[in-house]
Amino acid sequence: MEIPTDNGCRQESRRQTWHELIRLITFVDLPIKKKFRLFAVGTIFWFLSMAAVAVVSLTAIHYKYNQIAGHTLPYSQAISKVIVHVQGISSSITQAQQETGDAGARQLESAQSHVKSIRGIISALSLGINSSQGSTGGNLVENFILSMARSDVEGTQYLQRMLTLVEQMDRHISLLQQFRQNPAENAPDIQHILNLLGGQLEEAHTLSASFTESLTGEYTANTQLINEIVRTSIHIILLVLLLATLLLLIFTRWITGAFYKPIDAIINQIHDLGTGKVDLDNKLTIHSKDEMGTLSSEFNELIETVYGMTIFKKVIEEDSTLDEVYRRLGEVFENELGIERYMIYEVNGNKKEMRAGYPPLVGDRKLFCYEDILSDCSLCRAVKTGHTVSSFEFRSVCRQFLPDTGMEHVCIPMMLAGVTGGVVQFLFPSRGEKGHINEVENQQLFKAETYIKQSLSVVETKRLMNTLRESAMVDTLTGLYNRRFLQEHTKQIISGVLRRRKTIGLLLCDIDYFKQINDTFGHDVGDLVLKEAAACMRNSVREADIVIRFGGEEFLILLLDVDQGDAIDVAEKIRVKIGDMKITVPDAVIQKTISIGVSEFPGDTDGFWQAIKFADVALYKAKETGRNKTVRFEPDMWPRKEF
């Protein structure tokens, strides 16, 4: 035997820790409601992530676009006009120097007009920039970005300087207009003013050209930044979409497997259960601790219970005596359900008696009821009422239960053919005046009652068989039941089958050419053939089925609690076995065949004796068409409406 080392234990512990961590991360054991909540939260998160990226990027693009549309382009257009007007002033001053009189005065007036235009451009530009800086009509993100934007220092300086130059140029042009009235006297002053104007015009042109170049660079930078924002946003959105899709596919596959596999396995198990294929080695695998895991675990327990009950009923059907059935039922109470104290009573309605069937009263084992109930079963409340009697529901409900035993009792009647055929008494420790049955005991009683119900049909059949034996309703030659049995117990057979909503398969059998045996070999050999045929039939059916010698070489077989269509299969099996049977007698080996007519009650008719008649009609059809046949009754074989 290999002894695990400390290192091996540590490795196993680490593996278990990792396993638990993975289950925690993947939310395998979360309840179903929380799994779908997690799915909803994850979906909303990725949608909000893509929405946030889109809003931020579009807001940034909008802001840069507004900078271009509200700042760069207006400045560029205004400066272009300013440069034109500056050139116009320069041209007008030059022409005013070359001309005299009114022509020169008109040139100076033209220069003043250009100055006025420049002043208007600067004023309009200043007013537009200020109004745009004071605007707060955007969304929250846009207003935040605008509030973080730098002030337009360069543009403000340009406007202030240009306005100063314009004012100076306007003043100097006005002086030129005054000095031109006496050009000879004011020649030095005129030349000085012209020099000043030339410098101012050159400065204005240089200033405008420099600012234009700056605006061009700003425009290029903003357009490149917009392109970069668009590219980055597309990449981020695609990445988020890819991650969201990947996680969605993984989660969908995981959650589909978490539901589909257990549900599909349960469907297959239910299908197998419906077709009678119960395999305990093929239990549902429990993958999680959520509701699906609980469902799988509960279904496995259900399969075990159904399988146990199926096997239990099959076993007790093959038991030979009622005491053996009671013993097996008691073993189920003890070993399978954990009920230690119980008593199974058998009730004899004809004699008004009841006896302790199991466990036997040996050693120190005693009854918990007064012994008077054994000689007068009507004293037992469960026998008298046919209902479950529980002292948990009402203290001292049954006066026949011994007081001061320290036990509580639950008595379940065994209803056979509408009357109480037995009582199963379960005993539990008392819990005082207000004690109630607990959940474990309640489950034990539920399963016990289910097992009791499963055994009722077997108990009823075996008790009926015992009754038949006691009444000597047995054919002395074959050991089978005789026709008297059928006449006296038809009602019990019919009521039991109808109550269980099952079918009786009726097989009427007749040995072909039986008279030839008596004529050829004598009646002794004929009796031997009857006995061998009867034994073959008895061995070909279940213990619960009833084989009757109906008369002469005719036999009637009652297949109890079969499904529709099963009787014909059993009849064919019997026919084949009889045909293969060989009987050795002096100087000969006899091999006979059999003809069988089959009908079903209540499938073919609601009259039991009419169903026997229908089986006889089918038997006649089998003989008429060649013998050694199994013929199922059909409605056209009996055209009459009356029986």
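Biologist: Is Tyr75 buried or exposed?

Modeller: Buried: Tyr75 has a relative accessible area of 0%. Keep in mind that this is a predicted model.

Biologist: And which ring does Tyr75 pair with?

Modeller: Its partner is Phe211. The two make an edge-to-face aromatic pair, with 5.2 Å from centre to centre and 90° between the planes.

Biologist: Where do those two sit along the chain?

Modeller: In distant parts of it, 136 residues apart. Tyr75 belongs to helix α2 (residues 32–98), while Phe211 belongs to helix α6 (residues 187–274). Phe211 is buried too, with a relative accessible area of 4%.

Biologist: How many aromatic pairs does the structure hold?

Modeller: Twelve. One of them joins Phe333 and Tyr342.

Biologist: OK, why does the pair of Phe333 and Tyr342 count as edge-to-face?

Modeller: Because their planes are at 75°, and an angle over 60 degrees counts as edge-to-face. The ring centres of Phe333 and Tyr342 are 5.5 Å apart. Both residues are buried.

Biologist: Which residues are in the cluster with them?

Modeller: Tyr358 and Phe426. Ring pairs link those two with Phe333 and Tyr342.

Biologist: What about charges over rings, say at Phe550?

Modeller: Arg483 lies over the face of Phe550, 4.0 Å from the ring centre. There's also Arg627, whose charged end sits over the ring of Tyr513 at 4.3 Å from its centre.

Biologist: Switching to cysteines. How many disulfides does a search of the whole structure find?

Modeller: Zero. Take Cys398: the nearest cysteine sulfur belongs to Cys380 and is 5.7 Å away. A disulfide needs the sulfur atoms within 2.5 Å, so Cys398 is in no disulfide.

Biologist: Is Cys398 buried or exposed?

Modeller: It counts as buried, at 12% relative accessibility. Cys509 counts as buried as well, at 0%.

Biologist: Now pockets. What volume does the largest pocket have?

Modeller: About 880 Å³. It has 35 lining residues, and those nearest its centre are Val347, Asn350, Arg463, Leu464 and Thr467.

Biologist: Which helices and strands supply at least two residues of that lining?

Modeller: The helices are α8 (322–336), α11 (439–470) and α12 (483–499). The strands are β1 (342–348), β2 (353–358) and β5 (419–429).

Biologist: What does the lining of the largest pocket have by class?

Modeller: It has 14 polar, eleven nonpolar and ten charged residues.

Biologist: And how many cavities of 30 Å³ or more are there?

Modeller: Two. The largest cavity has a volume of about 90 Å³, and the second largest has about 30 Å³.

Biologist: Which residues lie nearest the centre of the largest cavity?

Modeller: Cys369, Cys380, Cys398, Cys411 and Gln425, out of 14 lining residues. So Cys398, which counts as buried, turns up again here. Helix α10 (381–385) and the strands β4 (407–416) and β5 each supply at least two residues of this lining.

Biologist: What's the breakdown by class for the largest cavity?

Modeller: Ten nonpolar, three polar and one charged.

Biologist: Last one: which residues line the second largest cavity?

Modeller: Ile511, Val529, Ala533, Ile578, Met581 and Lys592. By class, that lining has five nonpolar residues, no polar ones and one charged.

Technical notes. Residues are numbered from 1 along each chain as its sequence is written. This is a predicted model: local features need pLDDT of at least 70, side-chain atom pairs count only at pLDDT 80 or more; totals for chains, interfaces and linings use all residues. Side-chain values use heavy atoms; hydrogens and water are left out. Rings of Phe, Tyr and Trp (its six-membered ring) pair if their centres lie within 6.5 Å; planes under 30 degrees apart count as stacked, over 60 as edge-to-face and the rest as tilted. Helices (H or I, at least four residues) and strands (E, at least two) are DSSP runs, numbered from the N terminus. Buried means under 20% relative accessible area, exposed over 50%, partly exposed in between (1.4 Å probe, protein chains only). A charge sits over a ring if NZ of Lys or CZ of Arg is within 6 Å of the ring centre and within 35 degrees of the ring normal. On a 1 Å grid over the protein atoms alone, a cavity is a set of points where a 1.4 Å probe fits but cannot get out, and a pocket is an open set with protein on both sides within 12 Å along at least five of seven lines; lining residues have an atom within 4 Å of a point. Grid points are joined across faces, edges and corners, and a volume is the space filled by probe spheres set on the points. Ala, Val, Leu, Ile, Met, Phe, Trp, Tyr, Cys and Pro count as nonpolar, Asp, Glu, Lys and Arg as charged, and the others, Gly among them, as polar.
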